[in-house]
Amino acid sequence: MEKEEEKLSMSARTEEAIVQLILDKNWQPGQQIPPEPELCTLLGASRNTLREAIRALVARNVLEIRRGNGTFVSGRMGVPDDPLGLAFVAHPGRLPEELMDIRQMMEPSIAILAAEKATDEDIAELRRCMEAYEEAVALGQDPTPQDIAFHKQIACCTQNQVLPNLIPVISESIRAFSHLQPPMKVRSTILAHRDIYEAIAARSPSRARDAMNIHLAEALRKLRKSRLKEDDED
């Protein structure tokens, strides 16, 4: 029993040592971590203990294993797949509108902070995200991943380390009703993204807030319209 507890303890300690290594070395999301032999030497851990620790960190969304390529820092940065327990809500049909309520509370304030604190590099990346959305639309692809990336980059523009980890709430909102949107949604989203981008690039907090409020209000209006149409068809 003591040996089993010691094994678990060693695995847990190795987990945290890897996390500390990621922080100390400033390894970025998508960056490959050293191979097993090097990590074993760095951490003073056996190969079995290291593998247990890596499996646990994969489950925690800290690391990801790419078969045939190695182990990488996860882009999820430790954020769980379902941080709000959305899979267990009692009335899932209400989720899209309730998540939109959360977006309306959060995102206008995020836009204000982004306009105040974004660097030139942040703004350039925001433009790239905006144009990636437009390109996906032009190619006839589902632009939802690019939509999510645009909103996440706005959070990154705030220089707040926590906000980008709250974006899964927004991402789930976008995913939850993207399939309900009528075709005109794409065009209106392109225009809304451009308004938001231009306000942040101009360093205008009030314009950024207003542009985001308009974007979210229009999205909520279309969502409710789609829901009413579905109810009529039922």
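Here is a walk through this structure, from the overall layout down to single residues. Keep in mind that the model is predicted.

Start with the big picture. The protein has nine helices and two strands. Follow the chain along its sequence and you meet them in the pattern α-α-α-β-β-α-α-α-α-α-α, so the two strands come after helix 3 and before the next helix. Of the protein's 234 residues, 39% count as buried. If you take the contacts between residues at least 6 apart in sequence, 70% of them join residues at least 24 apart.

Now go to the early helices. Helix 2 covers residues 36-43 and helix 3 covers residues 47-59. How do these two sit against each other? Their axes are 10 Å apart, and the packing angle is about 100°. Angles from 65 to 115 degrees count as roughly perpendicular, and helix 2 and helix 3 are therefore roughly perpendicular to each other. On the helix 2 side, the contact is made by Glu-36, Pro-37, Leu-39, Cys-40 and Leu-43. On the helix 3 side, Arg-47, Leu-50 and Arg-51 take part.

Next up is the pair of strands. Strand 1 spans residues 63-66 and strand 2 spans residues 70-73. The two pair in the antiparallel sense, over four bridges. They form a hairpin with three residues between the strands, and in it Gly-68 takes a positive phi near 85°. Have a look at Arg-66 while you're here. Arg-66 stands opposite Gly-70 in strand 2. The charged end of Arg-66 also sits over the ring of Phe-72, 3.9 Å from the ring's centre. As for rings pairing with rings, the structure holds zero aromatic pairs.

Phe-72 is a handy stepping stone to another part of the chain. Pro-29 and Phe-72 are 43 residues apart in sequence, yet their C-alpha atoms are 7.5 Å apart in space. Where does Pro-29 sit? You'll find Pro-29 in the loop between helix 1 (2-25) and helix 2. Leaving out residues up to four places away in sequence, Pro-29 touches Val-73, Ser-74, Gly-75 and Met-77. Is Pro-29 buried, exposed or something in between? Its relative accessibility is 41%, so Pro-29 counts as partly exposed.

Met-77 turns up again in the next stop, Asn-165. This residue lies in helix 7. With neighbours within four places in sequence set aside, Asn-165 is in contact with Met-77 and Val-79. So Met-77 is touched by Pro-29 and by Asn-165, given the heavy-atom cut-off of 4.5 Å for a contact. The C-alpha atoms of Asn-165 and Val-79 are separated by 6.6 Å, although the two residues are 86 apart along the chain. Asn-165 is partly exposed, at a relative accessible area of 36%.

For a look at some buried residues, move on to helix 8 and helix 9. Thr-189 is found in helix 8, and His-215 lies in helix 9. The two touch each other. Thr-189 has a relative accessible area of 3%, and His-215 has 9%. Buried means under 20%, so Thr-189 qualifies, and so does His-215. What else do they touch, not counting residues up to four places away in sequence? Thr-189 also contacts Tyr-133 and Asp-147. The other contacts of His-215 are His-151, Ala-192, His-193 and Ile-196.

Finish with two loop residues and their backbone angles. Most residues other than glycine have a negative phi. Against that background, which sign does phi take at Gln-159? Phi of Gln-159 is near 65°, a positive value in a residue other than glycine. Gln-159 is found in the loop between helix 6 (144-156) and helix 7 (163-178). At 43% relative accessibility, Gln-159 counts as partly exposed. Arg-203 has a positive phi as well, near 60°. Its place is in the loop between helix 8 (184-201) and helix 9 (205-233). Arg-203 is partly exposed too, with a relative accessible area of 36%.

Note on methods. Residues are numbered from 1 along each chain as its sequence is written. This is a predicted model: local features need pLDDT of at least 70, side-chain atom pairs count only at pLDDT 80 or more; totals for chains, interfaces and linings use all residues. Side-chain values use heavy atoms; hydrogens and water are left out. Buried means under 20% relative accessible area, exposed over 50%, partly exposed in between (1.4 Å probe, protein chains only). Rings of Phe, Tyr and Trp (its six-membered ring) pair if their centres lie within 6.5 Å; planes under 30 degrees apart count as stacked, over 60 as edge-to-face and the rest as tilted. A charge sits over a ring if NZ of Lys or CZ of Arg is within 6 Å of the ring centre and within 35 degrees of the ring normal. Two strands pair if DSSP finds at least two bridges between them. Axes are lines fitted to C-alpha atoms, for helices over the stretch in contact, and angles run from 0 to 180 degrees between N-to-C directions. Angles under 35 degrees count as roughly parallel, over 145 as roughly antiparallel, 65 to 115 as roughly perpendicular and the rest as oblique.
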